[in-house]
Amino acid sequence: MEKKFKILCPTDFSECSLNAIEYAARLGEKFNAILVLFHVLNREDYQKLSPMDTDGKYQLEFIQEKLKNLQKAVMEESLMNGLKDCEIAIREGKIVNGALDFAKEINADLIVAGTEGMNELRTNIIGSRASRMVEQSDRDIIIVPRKVFFKIPRKFVYASDYLEEDKLAIQKVVEMASFFDSEIDLVHISSSQKAIDKSLHMTMVDEIRPFVRYEKINYVLKAYRDDLGLGLENYLQVAKGDMLVTLSKKKSFFDQIFTKNLSKKMSYFLNKPLWVIKSF
């Protein structure tokens, strides 16, 4: 039996999670996927949604109704455009662990999650839940910022550090880009302008080209003396990229940029969705 592509979208019914649902549904249309809307029962979040139910008596019924309404809206808009199905699920427990455990349980191919991102109370810090989900996930995850609404991505920016796994990861990017006829910039950000960097870049280009088979791809080498994360943010803005893509593997470019202070570093990119490739 052919395996169906599954997208898990955790939701707490906030504005940012609704944006994530739209992204997940639009991607699901292209992948002919099953979209699973998932909620972890959490007392604190529920009180924000239904402050009158002080003892939580009607919490499960309330959440089920909200999920069913979202499911209905998604199915009405997306089934006719290619989405295979939309399911709903509820679990009790911790939000991050609950979502990641459920992703394993259903063997999800992709997680799409929203983040509140920067706010006045926590300047330059991404939502801690989203940070932990990215760090701990063992499968691909796309983080969608609160104020970023879905639009057809015209350019994916893939941040490369010349890893062997780039050859596999870029094929995933090509698959998604081909759905939208998008450009791909495969970019390496360097802290120097040494001749060896140019030589490594050309070698990487020669090795990766046979794995791409996609015309609308550009190979870019950029040097920034300052922080690599800031350099990548600058490139993303100047190149007008619509989504940042990076590979999370040991000693990868992602780890160089994010691991030391994931929450702070990720705030660089909160005006664009971030797709972290975790597996092949």
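**View 1. Exposed and buried sides of helix α3 in the predicted model**. E61, E65, K68 and K72 are exposed (over 50% relative accessible area, 1.4 Å probe, protein chains only), and they lie on the other side of α3 from the buried residues (under 20%), which are Q59, I63, L67, L70, Q71, V74 and S78. These buried residues cover an arc of only 105° around the axis, taken from the directions from the helix axis to the C-beta atoms, and are therefore on the same side of α3. Helix α3 spans residues 59-78, helices being DSSP runs of H or I with at least four residues, numbered from the N terminus.

**View 2. Surroundings of N19 in helix α1**. N19, whose place is in helix α1 (residues 15-31), is buried, with a relative accessible area of 5%. Leaving aside residues up to four places away in sequence, N19 touches V144, P145, R146, K147, V148 and F149, where contact means heavy atoms within 4.5 Å.

**View 3. Lining of the second largest pocket**. Of the 13 residues that line this pocket, F5, D109, D140, K172 and E175 are the closest to its centre, and the largest share of the lining, three residues, comes from helix α6 (residues 166-180). A pocket is an open set of points on a 1 Å grid over the protein atoms alone, where a 1.4 Å probe fits, with protein on both sides within 12 Å along at least five of seven lines, and lining residues have an atom within 4 Å of a point.

**Notes.** Residues are numbered from 1 along each chain as its sequence is written, and side-chain values use heavy atoms, with hydrogens and water left out. In this predicted model, local features need pLDDT of at least 70 and side-chain atom pairs count only at pLDDT 80 or more, whereas totals for chains, interfaces and linings use all residues.

Terms used: Helices (H or I, at least four residues) and strands (E, at least two) are DSSP runs, numbered from the N terminus. The expected span of a helix is 1.5 Å times one less than its number of residues.
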